[in-house]
Structures are given as structure tokens and as C-alpha cells.
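Please open the structure in your viewer and keep the sequence panel beside it, so that each selection can be followed in both. The tour below goes one selection at a time.

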Amino acid sequence: MKNILTAAILCIATTAYAQPFSLEECKDIREEINHYEELRRKGGSVTKMESWKKSLRILETQFQEGECIKYGRAVW
């Protein structure tokens, strides 16, 4: 639940200010992405898998819109 709330706040912040994220913010998003990818690899109920997939898509969008790719390997 905390992760989804964090993702929602970052999403709002991204659209409100449209500024690139800092390296630390990008690392946090990347860690969340990795977390949800790991959960999906382990499997679960259909409901959980869909919820994780939705959260993952939100985080991936934030990563892209926050211009995190500019940090290259530093965020991986």
C-alpha cells in the first residue's frame, strides 16, 4: 500500500511541475520497479498479479516522464 501511495504522489508531482527527477528519486523508482517485477516473477493470484502490473506501469511511466534515463547505469 505504501508503494502505491508513493507512486501516486510521484505521479502527481511529475505532472504538476514537469521537472526531471533527481538521481535519488530515479533510484527509488527503479527499486520499486524491481520490487514489482520480482513479485510478478514469483507469481500470485490473478488479482495480485493485475494489481502489481498496474503499479509497475505507473512506475515505468514516472521513470520515463521524470527523464530518469539520462542517469544511465547509475539508476540500475
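What follows is a walk through a predicted model, from the whole chain to its helices, its core and a few single residues.

**The whole chain**

Begin with everything selected and shown as a cartoon: the chain has three helices and zero strands, and read along the sequence it follows the pattern α-α-α. If you then colour the 76 residues by accessibility, the buried ones make up 26% of the chain. A surface drawn over the chain exposes about 5,400 Å², of which carbon and sulfur atoms supply 57%. Contacts can be viewed as well, and among those between residues at least 6 apart in sequence, 65% join residues at least 24 apart.

**Helix H2**

Next select residues 23-42, which are helix H2. This helix has 20 residues and reaches 29 Å from its first C-alpha to its last, close to the 28 Å expected at 1.5 Å a residue. Which residues of H2 are buried? Show the side chains of Cys26, Ile29, Arg30, Glu32, Ile33 and Tyr36, which are the buried residues of this helix. They cover an arc of only 160° around the axis, which puts them on the same side of H2. An α-helix has 3.6 residues a turn, so residues three or four places apart point the same way. Now turn the view to the face of H2 that points away from the buried side, where the exposed residues Glu31, Arg41 and Lys42 are carried.

Two further residues of H2 are worth selecting one by one. Tyr36 is found in this helix, and at 5% relative accessibility it counts as buried, the cut-off being under 20%; its C-alpha atom is separated by 7.6 Å from that of Ser55, which is 19 residues apart from it along the chain. Asp28 also has its place in H2, but with 43% relative accessibility Asp28 counts as partly exposed. A distance drawn between the C-alpha atoms of Asp28 and Val75 comes to 8.6 Å, although these two residues are 47 residues apart along the chain. To leave the helix, select Gly43, which follows H2 and has a positive phi, near 90°.

**Helix H3**

Move on to residues 46-65, helix H3. H3 has 20 residues and reaches 29 Å from its first C-alpha to its last, close to the 28 Å expected at 1.5 Å a residue. Its buried residues are Met49, Trp52, Ser55, Leu56, Leu59, Gln62 and Phe63. Seen down the axis of H3, these buried residues fall within an arc of 145°, so they line one face of the helix. On the face turned away from that buried side you will find the exposed residues Val46, Thr47, Lys54 and Gln64.

Keep Leu56 selected and display its surroundings: leaving aside neighbours within four places in sequence, Leu56 is in contact with Ile33, Tyr36, Glu37 and Arg40.

**The nonpolar core**

Now select Phe21, Cys26, Ile29, Ile33, Tyr36, Met49, Trp52, Leu56, Leu59, Phe63, Cys68 and Val75 together, because these twelve residues make up the largest nonpolar core, a set of buried residues joined through side-chain atoms within 4.5 Å. The elements that give two or more residues to this core are H2 and H3, and H3 gives the most, with five residues.

**The disulfide**

Within that selection, how many disulfides does a search of the whole structure find? The search finds one, and it is formed by Cys26 and Cys68, whose sulfur atoms are 2.1 Å apart. Cys26 lies in helix H2 and Cys68 in the segment after H3, so the pair ties together parts that are 42 residues apart in sequence. The torsion about the S-S bond of Cys26 and Cys68 is about -80°, so this disulfide is left-handed. Both Cys26 and Cys68 are buried.

**The segment after H3**

Finish with Glu67, which is found in the segment after H3. Just after the helix, Glu67 takes a positive phi of about 55°, and it does so although it is not a glycine. With 40% relative accessibility, Glu67 counts as partly exposed.

Terms used:
Residues numbered from 1 in each chain as written. Predicted model: local features only at pLDDT ≥ 70, side-chain atom pairs only at ≥ 80, totals over all residues. Heavy atoms only, no water. Helix = DSSP H or I, 4+ residues; strand = E, 2+ residues; numbered from the N terminus. Expected span 1.5 Å × (residues − 1). Buried < 20%, exposed > 50% of the residue type's maximum accessible area, 1.4 Å probe, protein only. Arc of directions from axis to C-beta. Contact = heavy atoms within 4.5 Å. Areas by Shrake-Rupley, 256 points an atom, 1.4 Å probe, with all protein chains shown as cover. Disulfide = S-S within 2.5 Å.
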